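Q: Hey, can you walk me through a structure? I'd like to start with how some of the helices sit together.

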Amino acid sequence: MVQLRDVNMQFEGKKVLEGVLLNVQPQERLVIMGQSGSGKSTILRLILGILRPDSGSVFFKQYEINRLKRRKLQQVRQQIGMVYQYSALLSSLTVRQNVALPLEELTDKSGSEIDKIVDEKLELVGMLDTKDLLPDELSGGMRKRVALARGLVLDPELVLLDEPSAGLDPVIATVVDELIINLTQKSKATSIIVTHEMESAFRIATRMAMLYEGKIIEEGEPEKFKQSKNPVVAQFLSGSTEGPILEGSLDAIRKK
Amino acid sequence: MPNAEARRNMPGPLEVVEIQRTFLREVGSIFWFILNTLQESMERVQQGRAPFRAASFFRESVRAGVDSVPLVGLVSFFLGLTMALLTGYQLQRFGTERLIPGLVAIAFTRELGPLLTGIMLAARIGAAFTAELGTMQVNEEVEAVEAMGIGPLRFLAAPRMLALFLLAPCLSTVSNLAAVLASSLVCKAYFSIAFLYFLDLVKDSLLIRDIITGILKSFLFGLLIASIACYRGLTVKGGAAGVGTNTTSSVVTAITTVIGFDTVYNVVYTNFFPT
């Protein structure tokens, strides 16, 4: 479904991705983990074609995303749903208008059909009673659920989720995680989830990958991941300060 | 040694080249921005769909046009009043105060109306467009629109550009009328020129080409201001500080461009169509 082949990417001279290889199978829920700023969100933006790699290729189905012209890219993006870390709902539109936006702009559906689909999606995420509110009037968890409804409104084949449970309280985080599992299962969509929240990652994932210093250093089923001998993965999962992550820089922090 | 200090702070030849390069890059970017917006909108029209929502065009039109009428009207009224008064006293010395109506009417329809409107729109609407789109850019709203497969240029920039393009000439006309009305009051109060005689004098001196020149300029200014504002808004980087920097830059660039284009327009126009 999605393939990253030897992808290299740098921002202002700093290498973010170095020869990344990734293969995502249909209907799996791949969780990409890694430290903040390790390039996880960059991978999602590369898949969407918002960023272009310095070298290497990004494939979604048969399309080589980094070579598509703007018009074709816009058509391909309609098969991908993206849920942003901070929801990215259009602040001047109501919840209903936000969810209806892709349908109104990209399909020929009538007003009543759109209303029906929007109500259905909002009901799935338990947000039907907020449809006339503006995003500013919602809590973080509610915004995430609306963003999820918007991301799924076109029934995309691929759903990309950037830190879906970051900044949410544990109960709401579980609600959002379960929604992701249920909705993607129901729609048979493939999903790529970027997160550094361990509990959430293990709850959602059917497969996991760890990104460290621009490379995928470990990949596999959640169970295999838990037993990984890789010191970086082990330290990341345990949250310990002892290990290769932050080596050197931690001493400097402690000295302060 | 202030002179030595000033000399040290002067840009060297390499810096001058860099400034020129940046300037040309910016001009090119804004030009491409206009073309890309037009292309995205036309592609949509070719698909048999509206390039943007009518509601968003009307919302921007009300904001940019209708809501600007009081400001444009008031400033032009005061300027027309001052102009008529000051020129009137000078002309009175030669007994030619009946030239005031024509002078104010020509000056405003051809030059001051579009220019003042342009400057006010750049400050009032250009800043608002940049700040609004810049905030959307910072909050990833623009990227979200793009990620959905919706062209952000046609969806966000095109309705704003069309609104300002169409409404700048209307506001320019409001400016002209307000200034002429103000000068008619001055003429009546200070120079004993009756209103009907004032209108005759305006009609005698004003040519259709003066009006057309002013209107054409206004269309151009409207498009330039909106394009610069939207371009600056959609290229914001660096969070809230970036929004502030780009908003300031948008207003400064738009005002400078409006005055610059006005000069170029006048030079070209007077060379090709001398009176």
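Q: Which residues in α5(B) and α8(B) meet each other?
A: This is a predicted model, just so you know. On the α5(B) side you have B:Pro101, B:Gly102, B:Ala105 and B:Ile106, and they meet B:Phe198, B:Leu201, B:Val202, B:Asp204 and B:Ser205 in α8(B). By type, the residues of that contact are six nonpolar, two polar and one charged.

Q: And at what angle do α5(B) and α8(B) pack?
A: About 55°, and their axes are 8 Å apart. That's why the two helices, α5(B) and α8(B), are oblique to each other. The crossing of α5(B) past α8(B) is right-handed.

Q: OK, switching helices. How are α9(B) and α10(B) oriented to each other?
A: Helix α9 (residues 208–234) of chain B packs against helix α10 (residues 239–272) of chain B at about 155°, with the axes 9 Å apart. An angle over 145 counts as roughly antiparallel, so α9(B) and α10(B) are roughly antiparallel to each other.

Q: Which residues meet there?
A: Quite a list! In α9(B) they include B:Leu220, B:Phe221 and B:Leu224, and in α10(B) they include B:Val258, B:Phe261 and B:Tyr265. The contact of α9(B) with α10(B) divides into eleven nonpolar, seven polar and three charged residues.

Q: New topic: how many residues of chain B are in contact with chain A?
A: Twelve residues of chain B, and they're in contact with 17 residues of chain A. Helix α6 (residues 141–147) of chain B gives the most to that side of chain B, with five residues.

Q: What kinds of residues make up that side of chain B?
A: Four are nonpolar, three are polar and five are charged.

Conventions: Residues are numbered from 1 along each chain as its sequence is written. Chains are lettered from A and ligands numbered from 1 in the order in which they are written. This is a predicted model: local features need pLDDT of at least 70, side-chain atom pairs count only at pLDDT 80 or more; totals for chains, interfaces and linings use all residues. Two residues are in contact if their C-beta atoms, placed from the backbone, lie within 7 Å. Helices (H or I, at least four residues) and strands (E, at least two) are DSSP runs, numbered from the N terminus. Ala, Val, Leu, Ile, Met, Phe, Trp, Tyr, Cys and Pro count as nonpolar, Asp, Glu, Lys and Arg as charged, and the others, Gly among them, as polar. Axes are lines fitted to C-alpha atoms, for helices over the stretch in contact, and angles run from 0 to 180 degrees between N-to-C directions. Angles under 35 degrees count as roughly parallel, over 145 as roughly antiparallel, 65 to 115 as roughly perpendicular and the rest as oblique. A crossing is left-handed if the near helix is turned anticlockwise from the far one by less than a right angle, and right-handed if clockwise.
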